[in-house]
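Trainee: Could you walk me through one part of this structure closely, and set it in its surroundings? I'd like to see how the pieces fit together.

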Amino acid sequence: MAKAPNNMSGLFEKLHDLKSLFKYGEKIVPIIQSLVDFMQDTVPLLENINHSIADSTAKIPAASNQINNVTSATELATTEILDLVDAISMNFDKVESKVNLAKEKNKEKTALLAELQKEVKKNSKAMELISKYMEIKESEEALDFVGELLPKFKDDTYHITLSLQVQDITAQQLAAVNHLIDSVQERLSSLIQDIDSTEIKELTVGKIQAPDGVAFDPNATYSKSKDAQNMADVIVNNVNSNHNNNNKASQDEIDKLFS
Amino acid sequence: MALKFLVVDDSVTMRRIVSNSLKNLGYDNLVEAVDGKDALAKLAADTNINFVITDWNMPVLSGLELTKAIRGDEKLNNVPILMVTTRGVKEDILEALQAKVNNYIVKPFTPQILKEKIDQILANN
């Protein structure tokens with residue numbers, strides 16, 4: 001009987017603990033409810049993000065192929081321009097040779113007329129006509145004019161071909177971009193596999209098809225600055241002069257040149 | 001001995017531009033190759049080729065590997081090599097020189113530079 005008060009006291013303690021737990025529960029339940037609500041809102045969002053990544057990843061091969069198409073198209077267009085420039089240059093050569101021939105013939109004509117003048121010295125009318133004829137210089141001047149312009153035309157067309165080096169350089173830049181896209185696709189693909197543990201079907205269908213035999217310089221730039229060439233010249237000269245002296249140019253020596 | 005050039009570049013555009021430039025300089029005797037492997041085949045088939053102008057970045061066999069292959073071949077190791085490439089950083093230039101290219105041009109090149117480098121190589125050989 002002596003244990004009864006202790007039992008009652010223990011019971012009250014337990015009830016008090018239970019009351020505290022209920023009170024704590026009252027406080028925690030709304031938080032848990034908020035968490036559940038948050039999860040309910042977030043899961044579709046995450047699914048959306050997942051779908052969105054999958055969708056974007058699936059579209060990457062198309063973008064990559066588009067870049068390859070651009071490269072092929074610009075190479076084709078450049079080749080056509082080079083063909084045209086070659087044809088124009090060949091025509092310039094033909095015109096130049098005709099102009100030179102016409103100039104020679106004009107010289108011969110002038111010599112013949114001078115000879116004719118000697119023959120018809122006594123015929124003043126004939127002399128006058130020949131002199132007038134010889135004074136007409138338009139055709140000669142026109143030939144001289146064309147003759148002077150032709151080398152400039154040829155030079156200009158040649159410089160068009162030189163400017164087309166930009167095609168090779170941009171092709172390398174685009175190849176570098178494609179390489180980057182390929183890497184992004186791989187990363188995204190791996191991320192999606194981690195999230196969903198299933199590979200996206202489109203990824204296998206739309207795998208990036210890199211064109212055969214592509215090699216590129218990711219830092220290729222089309223610049224008219226002579227800095228890079230000047231640096232190359234300094235290094236080549238330095239290495240060659242050291243080579244001639246039977247010494248090897250050290251990295252330090254070369255670095256000093258650019259410090 | 002008449003000069004016969006081998007122009008090596010995977011870009012058809014660049015092959016034509018370099019070849020046109022050589023023709024403008026009066027060098028009409030030339031052949032072209034699409035990569036280093038093709039170049040080695042052309043060199044093996046034509047012993048009259050005595051000057052190589054090569055790009056660096058090429059599939060199958062790069063210009064640098066081509067240079068090393070030429071320098072490692074006792075029949076070819078005296079053939080002058082001019083590297084014409086977009087790679088314009090110091091480390092690349094040094095690497096090419098260590099592989100024993102004779103001279104180095106950074107794209108885009110001008111005809112004056114091309115002539116200057118060919119003349120320099122010919123003067124030193």
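Mentor: Reading chain A from its N terminus, the elements go α-α-α-α-α-α-α. That makes 7 helices and 0 strands. Keep in mind that this is a predicted model. Of the 259 residues in chain A, 24% are buried. Its accessible surface is about 18700 Å², and carbon and sulfur atoms account for 60% of that. Now take the contacts in chain A between residues at least 6 apart in sequence: 77% of them link residues at least 24 apart.

Okay, over to chain B, where we can zoom in on one helix and the sheet behind it. The sheet is open and has 5 strands, ordered E2-E1-E3-E4-E5 in chain B, with parallel pairing. E2 and E5 (103-106) of chain B sit at the edges with a single partner strand each, so one side of each has no neighbour in the sheet. From one strand to the next, the twist averages 20°.

Let's follow the chain through part of that sheet. Strand E1 (residues 5-8) of chain B runs parallel to strand E2 (residues 30-33) of chain B, and 4 bridges join them. To get from E1(B) to E2(B), the chain passes through helix H1 (residues 12-24) of chain B, in a right-handed β-α-β crossover. For a spot to find on screen, look at Val8(B), which stands opposite Ala33(B) in E2(B). Further along the sheet, E3 (residues 51-54) and E4 (residues 81-85) of chain B are also parallel, joined by 3 bridges. There, Ile53(B) has Leu82(B) in E4(B) as its bridge partner. H1(B) packs on this sheet, where it touches E1, E2 and E3 of chain B, and its direction makes about 170° with that of E2(B).

So what does H1(B) look like up close? You can check its length yourself: at 1.5 Å a residue, its 13 residues should span 18 Å, and the end C-alpha atoms are indeed 18 Å apart, so the two agree. H1(B) is also mostly covered, with 10 of its 13 residues buried. Among them are Met14(B), Ile17(B), Val18(B) and Leu22(B), but Arg15(B), Arg16(B) and Asn20(B) are on the buried list too. A handy rule when you turn a helix around: an α-helix has 3.6 residues a turn, so residues three or four places apart point the same way. After H1(B) comes Gly26(B), with a positive phi near 95°.

Definitions and conventions: Residues are numbered from 1 along each chain as its sequence is written. Chains are lettered from A and ligands numbered from 1 in the order in which they are written. This is a predicted model: local features need pLDDT of at least 70, side-chain atom pairs count only at pLDDT 80 or more; totals for chains, interfaces and linings use all residues. Side-chain values use heavy atoms; hydrogens and water are left out. Two strands pair if DSSP finds at least two bridges between them. Helices (H or I, at least four residues) and strands (E, at least two) are DSSP runs, numbered from the N terminus. A crossover is right-handed if, with the strands pointing away from the viewer, the path from the first strand over the helix to the second runs clockwise. Buried means under 20% relative accessible area, exposed over 50%, partly exposed in between (1.4 Å probe, protein chains only). Contact means heavy atoms within 4.5 Å. Accessible areas come from the Shrake-Rupley method with a 1.4 Å probe; for residues, only the protein chains shown count as cover. Axes are lines fitted to C-alpha atoms, for helices over the stretch in contact, and angles run from 0 to 180 degrees between N-to-C directions. The expected span of a helix is 1.5 Å times one less than its number of residues.
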